[in-house]
Amino acid sequence: VLDIGCGLGAFTRKLAPFSEHILGTDISAEAIGQAQRLSAAHPNVSYSHEDMLERPRHQAVFALIILADTLYYIDPLTDVRLKSIARDISSRLAPAGLLLLVNHYFFGIDAASRATRKIHEAFRWAPTLTCVAEHRRAFFLATLLQRAEV
């Protein structure tokens with residue numbers, strides 16, 4: 001499992017009992033340091049200080065990738081950039097692997113919700129990804145996508 005933008009690793013630790021190995025990445029070195037300390041009791045959890053917009057340090061593919069509340073920090077948040085990120089992330093999924101994309105969402109009534117919809121639509125555009133499920137609730141939008149089997 002890969003948790004991109006893991007912050008302090010709260011969700012990473014929640015997934016630990018269900019994962020053989022989980023890697024949390026974040027652009028903040030301070031957050032990664034704290035996540036490592038907070039996760040000491042989880043031997044299957046590791047962290048890496050990485051910028052998701054740069055080439056990853058590892059060439060692993062993952063059965064599950066989590067992108068929760070990270071992409072709307074990208075500036076500028078253009079369609080071209082989002083589609084490039086979607087291609088990159090989908091290439092890191094194993095065949096039939098899953099991508100869980102979660103962002104704040106208030107039913108489209110504000111600018112942040114419109115950005116969330118734009119992000120999710122860019123990932124739905126990716127030719128190797130198929131939407132398996134989408135859940136819209138007050139305060140979040142979650143889209144589960146699956147990479148095509150090779």
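**Exercise 1.** Which residue forms a salt bridge with Arg117, and how far apart are the closest N and O atoms?

*Solution.* Start with the model: it is predicted, local features need pLDDT of at least 70, side-chain atom pairs count only at pLDDT 80 or more, and totals for chains, interfaces and linings use all residues. Residues are numbered from 1 along each chain as its sequence is written, and side-chain values use heavy atoms, without hydrogens and water.

Next, the term. A salt bridge puts a side-chain nitrogen of Lys or Arg within 4 Å of a carboxyl oxygen of Asp or Glu. Glu134 is the partner of Arg117, with the closest N and O atoms 3.2 Å apart. Glu134 sits in strand S6 and Arg117 in helix H4, 17 residues apart. Helices (H or I, at least four residues) and strands (E, at least two) are DSSP runs, numbered from the N terminus.

**Exercise 2.** Find the network that salt bridges with shared partners build.

*Solution.* Step one: Arg124 meets Glu134 at 3.4 Å, N to O. Step two: Arg136 meets Glu134 at 3.0 Å, N to O. Step three: join the pairs. Arg117, Arg124, Glu134 and Arg136 form one network. The whole structure has three salt bridges.

**Exercise 3.** Sort Arg117, Arg124 and Arg136 by burial.

*Solution.* Take the cut-offs: buried is under 20% relative accessible area, exposed is over 50%, and partly exposed lies in between (1.4 Å probe, protein chains only). Arg117 has 19%, so it is buried. Arg124 has 39%, so it is partly exposed. Arg136 has 46%, so it is partly exposed too.

**Exercise 4.** Describe the hairpin of S6 and S7 and place Phe139 in it.

*Solution.* Strands pair if DSSP finds at least two bridges between them. S6 (residues 129-137) and S7 (residues 140-147) pair in the antiparallel sense over eight bridges. Glu134 has Thr143 in S7 as its bridge partner. Two residues lie between the strands. Phe139 lies in this loop and takes a positive phi near 90°. At 55% relative accessibility, Phe139 is exposed.

**Exercise 5.** What does Leu99 touch, not counting residues up to four places away in sequence?

*Solution.* Contact means heavy atoms within 4.5 Å. The partners of Leu99 include Ile65, Leu67, Ile89 and Phe123. Thr143 is also among them.

**Exercise 6.** Is Ala31 buried or exposed?

*Solution.* Locate Ala31 first: helix H2, residues 29-38. Its relative accessibility is 11%, so Ala31 is buried. Ala31 touches Gly7, Leu8 and Asp26, leaving out residues up to four places away in sequence.
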